[in-house]
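Biologist: I have a model open and would like to know what stands behind the words we use for it. Shall we go through them together?

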Amino acid sequence: MLKLNKDVLILIAENLQDDITSLCSCLLVNKSWCEATVPILWKIPGRMILTKKAEDKLFNVILLHLSKDSKDILKKQGIDLYIETYRPTSFNYINFWRHLDLQLLEETFSRNLKILEVSTSSMIKNELLNLFINKYTKFISLHIPENINYYKYRISWNEQCFSDLKNLCCHEFHQNSLEGLATISKSIKKLFCCISRDNNDISRIVKLIEAQKNLNEIHMLCNNDEALKTIEELLIKKADTIQHLRLDWEPVTKVLSHLVNLKILDMETPFFFRRSKNYENPNLNQLEETSLPALKILKANLSSHINLIRLIETSNVQLTTISIRHDSLKVFDEIRKLTQTIYQNCPNL
């Protein structure tokens with residue numbers, strides 16, 4: 001019988017990482033296949049929507065990882081989770097996690113602890129969170145949901161487990177977490193951030209972005225008109241590395257003219273897209289001086305067809321995808337001119 005070495009099995013499992021059904025089949029082959037497959041399966045828990053039954057099982061597995069010290073702490077408070085009678089897990093599954101979705105954890109914990117008192121529930125959550133945020137775990141992706149207040153939990157945001165972050169999804173009002181991450185995380189490549197209209201202090205998100213050495217992809221939603229200019233000036237500072245940009249507003253500065261390495265520009269957000277009230281005449285004429293020679297994908301909701309034409313003409317025939325919202329252009333002549341420009345400048349479309 002042909003026996004594959006461990007490195008080959010790991011490569012097979014990695015190539016199947018998006019095929020959950022096949023990965024689950026690999027678990028059943030033998031011990032070697034199982035050991036190679038389990039880390040891949042547990043790399044991103046919750047990548048698919050979990051049923052209530054699956055969520056309950058996930059919670060029970062997490063409980064089994066509690067240390068004796070954690071169990072003793074809970075027992076002293078009169079909390080017995082009755083997990084001593086369960087067989088220990090075959091693997092330390094939590095150490096395989098690379099994407100930490102705090103929304104998933106909060107929903108899982110809250111659902112399974114809802115019958116307990118608030119104080120008791122919070123204490124258990126703290127002990128469970130300690131399983132994830134410590135010196136033994138390492139995450140490359142982090143999601144901090146906007147509707148959860150994690151200040152009440154004892155999370156240390158400058159832990160080494162966040163030092164290799166590549167992806168971050170956050171909200172600017174998580175001031176404590178942003179400040180901590182700015183001191184430890186320097187390698188974030190993809191950032192999704194939402195800035196609300198209620199908070200004028202965006203100093204922490206500014207500090208976090210400034211700390212990054214290779215910020216490649218940025219998705220920004222901003223409902224705070226006062227912050228737009230600051231954000232765009234910050235993007236200009238990161239122009240050398242930014243290749244994918246998504247905004248939900250028309251630029252108020254000449255930010256686009258600086259992003260010469262941009263490959264994907266997305267300004268098509270129909271539900272959020274707007275013009276700043278503080279800038280009655282948005283600086284869209286900047287596009288007359290803008291050249292984006294590396295641009296390959298353009299998604300636009302610009303109100304002026306002239307600006308769209310300018311972007312297409314300066315893309316240096318690199319464009320392969322163009323998406324324009326149908327209500328952006330309302331005059332037949334504008335549509336004709338835009339169509340001609342696409343035909344003349346986009347042979348690779």
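Modeller: Gladly! Let me begin with a term: a nonpolar core is a set of buried Ala, Val, Leu, Ile, Met, Phe, Trp, Tyr and Cys residues joined through side-chain atoms within 4.5 Å. Keep in mind that this is a predicted model.

Biologist: Which residues touch the most other members of the largest nonpolar core?

Modeller: That core has 86 residues, and F132, L142, F162, I205, L245 and L265 touch the most other members. Domain 1 (1–42) and domain 2 (43–271 + 289–345) both contribute residues, so the core lies between them.

Biologist: What does F162 touch, not counting residues up to four places away in sequence?

Modeller: Contact means heavy atoms within 4.5 Å, and by that test F162 touches L100, I133, F139, L142, S156, W157, L181, I184 and S185.

Biologist: How do you know that the span of helix α6 agrees with what it should be?

Modeller: The expected span is 1.5 Å times one less than the number of residues. For the twelve residues of α6 (residues 102–113) that gives 16 Å, and the end C-alpha atoms are 16 Å apart, so the two agree.

Biologist: What makes the link between D101 and Q103 a polar contact?

Modeller: The cut-off for a pair of N or O atoms is 3.5 Å. At the start of α6, a side-chain oxygen of D101 comes within 2.9 Å of the backbone nitrogen of Q103, so the pair meets it.

Biologist: And why are residues such as L102 and F109 called buried?

Modeller: Buried means under 20% relative accessible area; in α6, L102, Q103, L104, L105, E106, T108, F109 and L113 are buried. Across the protein, 46% of the 349 residues count as buried.

How values were computed
Residues numbered from 1 in each chain as written. Predicted model: local features only at pLDDT ≥ 70, side-chain atom pairs only at ≥ 80, totals over all residues. Heavy atoms only, no water. Buried < 20%, exposed > 50% of the residue type's maximum accessible area, 1.4 Å probe, protein only. Domains from an automatic or database assignment. Helix = DSSP H or I, 4+ residues; strand = E, 2+ residues; numbered from the N terminus. Polar contact = N/O pair within 3.5 Å; in protein donor to acceptor, adjacent residues only side chain to side chain.
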